[in-house]
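Open the model in your viewer and keep the selection panel at hand. The stops below say what to select and what is there.

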Number of protein chains: 2
Amino acid sequence: MLTQPPLVRESDLPLMVDLYELAMAQAYWTSGMDDTAVFSLFFRELPANRNFILACGQQSVVSVIESLRFTDEHIERLESLNRFRPEFLGWLRDFRFSGSIYAVAEGTPLFPQEPMLEIEGPIAEVQLLESLVMNYVHLESVLASKAVRLKFAAQGRSVVDFGMRRTHGLDAAHRAVRAYRLAGLTGTSNVLAGMDFNLPVYGTMAHSFVQACTNELDAFRVYADLYPGTTLLVDTYDTRTAVQRIINWLEQNPDVSIGGIRLDSGDLAAEARDCRQMLDEAGLTDISIMASGGLDEYRIAELVSSGAPIDGFGVGTAIGVSKDEPALELAFKLTEYASLPRMKNSPGKQSFPGPKQIFRRLGPDGCIVQDVVAGRDEVFDGSPLLKPVMKFGRIVDGAIAPLDERVRSAGKAVDTLPARYRSLDPIGEVPVVISDFLRALQREALVKVARG
Amino acid sequence: MLTQPPLVRESDLPLMVDLYELAMAQAYWTSGMDDTAVFSLFFRELPANRNFILACGQQSVVSVIESLRFTDEHIERLESLNRFRPEFLGWLRDFRFSGSIYAVAEGTPLFPQEPMLEIEGPIAEVQLLESLVMNYVHLESVLASKAVRLKFAAQGRSVVDFGMRRTHGLDAAHRAVRAYRLAGLTGTSNVLAGMDFNLPVYGTMAHSFVQACTNELDAFRVYADLYPGTTLLVDTYDTRTAVQRIINWLEQNPDVSIGGIRLDSGDLAAEARDCRQMLDEAGLTDISIMASGGLDEYRIAELVSSGAPIDGFGVGTAIGVSKDEPALELAFKLTEYASLPRMKNSPGKQSFPGPKQIFRRLGPDGCIVQDVVAGRDEVFDGSPLLKPVMKFGRIVDGAIAPLDERVRSAGKAVDTLPARYRSLDPIGEVPVVISDFLRALQREALVKVARG
């Protein structure tokens, strides 16, 4: 037992598993059940405030799966639980995932019943991956699906992530930035993640700096000197007074270079208008106005539609935890075992059995007309979205493009959303049809299920 | 730039920083501002659905701070941002935190304006810690504050964490379990975290196991054989049919040991009552009933008050992301610099300047009567909650008790909450008064602030 929690390391990942997965794996192993299973990761319903989910995180977890190995140390720790037989622990010691994975490209907008990925392999092997796969895809999909709404609301103005202090832990703080980049945000305040995922890093001053200095103008002077073109935080004491101070100072010191001001409280629209007018009348039209402080997509949309002269937004809590919809009810369900379709019949939780494919048909305007969720071997018009990314436990060559490329293709995929799906309000509509074959398979499975 | 995101390592923590903290630190360093600052971590308001916050995570971050060091690799990466002068990077290379930290014990219920911790030291050093401290304390406090509500609702019945698949990333999945233990939950499904933080690990089977087996009873047989006393999942096809199957089977096989059944869908109260009756009539009164599936504190309270014969609850999404209140608006504010009180005056964001202490006064029933938030050197009736945990950059001997001990003291601290504060509904009341001294200090600071 640890007094202080360490961070989870790559080498801990085999034990990042729900106990029932190990219990089932041992039961399969003991019973000699080693046929091929297909599990599908999808959601049955959209969160109330989402019109689509931006699928992200699949590529991250595929490399994790490829390198998942149980070491002697893991085996010893599992032994201490007194639930596992030595022969099964021996099997775990030799474990390496030997199956296949089909996944949609990161940054693809998806709808209910559409698999984000499907994993196929000996049933015990796939079962072990459940919680790890869900955790990876859940985090990045939830955060990217929120962030893209901020981007829509800002209508081309910059949106910068200030969320590190609110994200749930450090893994989230880090991978959030990857998700935000796929969702099209402009930058981040997070130094490590910005550098790791090549998203520009932004940040200037907090109120504490202004408070610590002898007076406000002193604080501004120090920054202008150190960081030419900097953005000055103007609401520590009184916004209009601060802006007037900047104007007087710059009139007397034309060499000083100030890039922008930031408003972090109060009536942002009114303050932005007043500040813009003051700056413009002083000829300082190049000084931009950045706003932050409790912003979300609704506030940003209001500010933009009110014509407030704000050039960029810093957003923390709203995107850091996807505040209105922090969870997505992802399901990881067995859909086929030993070549037979499988389905459960729990009330309100029906799904479609069998391995699947999604065919996305675009109209002449390049926007989604219809998605058909079909059996994997069916053929429909449109592009198949699920592509093999792993075969025999190895990542398929070229299946995982570099991040820059995925960011570009994610941008293109978001561009295929019809305008109404970009609405911040729920539209109560999804472009999904289920193929006749899958419906028939579901009916047959229900008959089998009724026999229990 | 990385194609695949690694997990954040301990050695990455110095770069887990918002850029503005480094920018301010350089500005302080350049300007020779190296006086002592006091920063306070607190919240101005409770989330709408909380009557208190269970402060957790302070002890985790204190050890992180003690060992924080910038290596040559960190310095090289920072150099690449082209914002830092070589002399300042040299200062960073030599950085080790040299200040003091005062913190409340983990698991202490706190209210608005009460510092969770205060950090005191040379201003540039403290400023660098802002986002890391907030991220650590935010995660654990948010999750513990949610989990304790589930415990209240369950009124002594067991509550087991099933949330790993929904927590935001793996650091959260891991530290969540520490927070849940401090909040008094019974167990977790998460193998690594359960072992690391000494919380019992639970888990039996998913629907997929029942579906993969030839039939439901076969699935149950395999489990009873491997795991005597196991809990069987009975809602894969039809709950009552499954329970009848178990009864018939056990009548013919009295040696088989089944500890419980789990319901995961449908009308849990009605199904639990029917199942209990069926089991009792068959003389199987020892078989317990566990419920799961979309549970939160409100559903659990309903089930408990309806008298549904449920012995324990498995909870996933609700506690995994603290679904109704995933964020707490923590503030990390400068309250003193160079021995002068500091305060900002942004609309709606006033706070109290100066270093503080919280005096908690309990009544004869052992419950909180009043908290006085006072200046650090004031003396009031009651126990001071903020204690020194770090001095001169070193953890104070004995200041951080082993986790088992902290769990016990957290339980006692929660027991001091008057009954009304345990309500699941907001009561709109807090037991906090601010000392006259702090109010006077605030008035003086406002006068100074008005001068700008």
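Start with chain A of this predicted model, where the domain assignment gives two domains: domain 1 covers 10-143, 328-353 and 386-430, and domain 2 covers 204-291. Colour the two separately; the C-alpha centres of domain 1 and domain 2 of chain A lie 49 Å apart.

**Chain A: two helices**

Stay in chain A and select helix α6 (residues 130-154) together with helix α13 (residues 297-305). Their axes come within 8 Å and cross at roughly 10°, which makes α6(A) roughly parallel to α13(A). To see the contact, show side chains for Arg149(A), Leu150(A), Ala153(A) and Ala154(A) on α6(A), and for Glu297(A), Ile300(A), Ala301(A) and Val304(A) on α13(A). By class, the residues of this contact are six nonpolar, no polar and two charged.

**Chain A: a four-stranded sheet**

Next, select the strands β16, β14, β15 and β19 of chain A, which form an open sheet in that order with mixed pairing. The edges are β16 (383-384) and β19 (432-434) of chain A; each has a single partner strand, so one side of each is left without a neighbour in the sheet. Zoom in on the β19(A) edge: strand β15 (residues 368-375) of chain A runs parallel to β19(A), and three bridges join the two. One residue pair to label there is Val373(A) with its bridge partner in β19(A), Ile434(A).

**Chain B: a seven-stranded sheet**

Move to chain B and select its open sheet of seven strands, in the order β13-β12-β1-β5-β3-β17-β18, with antiparallel pairing. At the edges are β13 (340-341) and β18 of chain B, each pairing on one side only. Now add helix α6 (residues 130-154) of chain B, which packs on the sheet and touches β1 (36-43) and β12 (330-337) of chain B. The direction of α6(B) makes about 135° with that of β12(B).

Go along the sheet to its β18(B) end. Strand β3 (residues 100-103) of chain B is antiparallel to strand β17 (residues 387-391) of chain B, and three bridges join them. On the far side of that pairing, β17(B) pairs with strand β18 (residues 394-395) of chain B over two bridges, also in the antiparallel sense. Which residues stand opposite Met390(B) of β17(B)? Ile101(B) stands opposite Met390(B), and so does Ile395(B) in β18(B). Select the turn as well: β17(B) and β18(B) form a hairpin with two residues between them. Phe392(B), in that turn, has a positive phi of about 50°.

**Chain B: two helices**

Select helix α3 (residues 72-79) and helix α4 (residues 86-93) of chain B, whose axes come within 10 Å and cross at roughly 150°. The two helices α3(B) and α4(B) are therefore roughly antiparallel to each other, and α3(B) passes α4(B) in a right-handed crossing. Show the side chains that make the contact: Ile75(B), Leu78(B) and Glu79(B) from α3(B), with Leu89(B), Leu92(B) and Arg93(B) from α4(B). Sorted by class, the contact of α3(B) with α4(B) has four nonpolar, no polar and two charged residues.

**Between the chains**

Finally, display both chains and select the residues where they meet. How many residues of chain A are in contact with chain B? On chain A there are 103, in contact with 103 residues of chain B. Colour the chain A side by class to find 49 nonpolar, 33 polar and 21 charged residues touching chain B.

Technical notes: Residues numbered from 1 in each chain as written. Chains lettered and ligands numbered in written order. Predicted model: local features only at pLDDT ≥ 70, side-chain atom pairs only at ≥ 80, totals over all residues. Contact = placed C-beta atoms within 7 Å. Nonpolar A, V, L, I, M, F, W, Y, C, P; charged D, E, K, R; others polar. Pairing = 2+ DSSP bridges. Axes fitted to C-alpha atoms, helices over the stretch in contact; angles between N-to-C directions. Parallel < 35°, antiparallel > 145°, perpendicular 65-115°, else oblique. Left-handed = near helix turned anticlockwise from the far one by under 90°. Domains from an automatic or database assignment.
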